[in-house]
Amino acid sequence: MITNTFNIFYNDTVKILSNPQNQFYIWGAGIMGEYVFHHLKEKSFPIQGFIDTNPDKQKKLFCGFSVLDPDAITWTDSTKIILASLDYPDGIEQYLQSLGKKENLDYFFSNTFLSVYMMNRHQQLYLHHINVNITDRCTLRCRDCSLLIPYYTSRHEYPLEKVLDGLKKLFEVTDYVQEIHLIGGEPLLYSELPELISEIGNKYRHKIGELAIATNGTILPSKELCQTAKAYNVFFTISDYTSSPAFPIKVDIPALLQYLEMNEVVYRIGNKAVWFDFNNTEKDSFSESSEVYTEKFQKCFFRNRGLYLDKLYYCQHQYGVMRAELLSDDSDAYLELSNSSTADKMHLLQFELGFVPRGFLLQCQQCNGFERLNHHFVDAAVQLDSKNCK
């Protein structure tokens, strides 16, 4: 049943992007919009221009186009939008819906659009974002860790050869991944991180848009790691929890940034004062119908997949809940890349776009959801005593 639903969605989307009467605009004159534009330009897909609500960007040139105010657009049934804005996606959706526009008919999130377009026009599997877990070890014991690592009965540092085998299986099927982040735990604790970066860089760098290491900023990377990151165009994404009122640890973020700059390593930093409250520990918090959970799953729109050795998880939070033994195994939650019957381009595309057999994941029954649904927050990086950890 879910395959039929996917086929209908896929074929309907192909008709829309193949219709020469349709005019496609990219909403978002920023980093993501520029990336989407150049990716489509390389494939000769016509874009009419850029839209942005930021008055500082409007009427200025961006990628050769004068950025438009959405109120200046003549909206017709042929006007199609590719959403590529990192800011206020909910507000953009509300604006489009107020015009009677519908998702996957009149507007598309960029990752959905690119995935269907690349498969249909070029027979290439395009994935948006994959977090590759390399270790459960961490320098922190965060009460509300989205992966629930402090609650695992055992923690692992995944052997280098097994991590590489999982990546090999992924790229045997996948042609391009827009973003790959190496995560933990704290990945800077991974003893073979420079070797891992070198292997990825030599074998797969041409198939990866952005390659990053996600760190909590509590330790400095080694000189060797900095040199390797620079050689393979790897940047650090730093979560700064020092503005959280509940974070008790002194972390010298300016010193870390100075160190990275001295070693010519690119970084991005995010100020994390609050986190989403996923409702980590309450079982069966909601009691609804399958239709309600399916709608919730579709609206949640968790865009980051998680690679754990040879299993690709749709939702990393569900992986964490399963590892913490708060939920039994849910085979709908992952694809086994070593299984040749499901590890092909169309199965992975179906999975990437959220077409899972049940229509939702078991964790949806107790989770508050992600950014499009979740309005519950907690102070970031609240620390547990060791007696509260497994």
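Modeller: In this predicted model, helices and strands are DSSP runs numbered from the N terminus, a strand needing at least two residues; on that footing K59 lies in the loop between β2 (49–51) and β3 (61–62).

Biologist: Why is K59 called exposed?

Modeller: The relative accessible area of K59 is 76%, and exposed means over 50%, so K59 counts as exposed. The backbone of K59 also deserves a look, since phi is near 70°, a positive value in a residue other than glycine.

Biologist: Where does L309 lie, and what makes L309 partly exposed?

Modeller: L309 is found in the loop between β13 (304–308) and β14 (311–313), and phi of L309 is near 60°, again a positive value in a residue other than glycine. With a relative accessibility of 27%, L309 falls between the limits of under 20% for buried and over 50% for exposed, and therefore counts as partly exposed.

Biologist: Is F24, then, buried or exposed, and how do you know?

Modeller: F24, placed in strand β1 (residues 23–27), has a relative accessibility of 2%; buried means under 20%, so F24 counts as buried. The C-alpha atom of F24 is separated by 36 Å from that of Q363, a residue 339 positions away along the chain.

Biologist: What makes the protein as compact as a globular protein of its length?

Modeller: The protein has 11 helices and 16 strands. Its radius of gyration is 21 Å, close to the 21 Å that the globule rule gives for 390 residues, and therefore the protein is as compact as a globular protein of that length. Along the principal axes the C-alpha trace spans about 60 × 50 × 45 Å, and 52% of the 390 residues count as buried.

Biologist: Which residues gather in the patch of negative charge on the surface, and why does E192 count as partly exposed?

Modeller: The patch is formed by E161, E192, E195 and E224, and Glu counts as negative. E192 lies in the loop between β8 (176–183) and α6 (193–204); the relative accessibility of E192 is 30%, which is neither under 20% nor over 50%, so E192 counts as partly exposed.

Biologist: What else is found in the loop between β8 and α6?

Modeller: G185 is found in that loop, and the peptide bond from G184 to G185 is cis, with omega near 20°.

Key:
Residues numbered from 1 in each chain as written. Predicted model: local features only at pLDDT ≥ 70, side-chain atom pairs only at ≥ 80, totals over all residues. Heavy atoms only, no water. Patch = residues over 30% accessible without salt bridge, like charges linked within 9 Å, V, L, I, M, F, W, Y side chains within 5 Å. Areas by Shrake-Rupley, 256 points an atom, 1.4 Å probe, with all protein chains shown as cover. Salt bridge = Lys/Arg side-chain N within 4 Å of Asp/Glu carboxyl O. Charge placed at Lys NZ, Arg CZ, Asp CG, Glu CD. Helix = DSSP H or I, 4+ residues; strand = E, 2+ residues; numbered from the N terminus. Buried < 20%, exposed > 50% of the residue type's maximum accessible area, 1.4 Å probe, protein only. Rg over C-alpha atoms; globule rule 2.2 N^0.38 Å.
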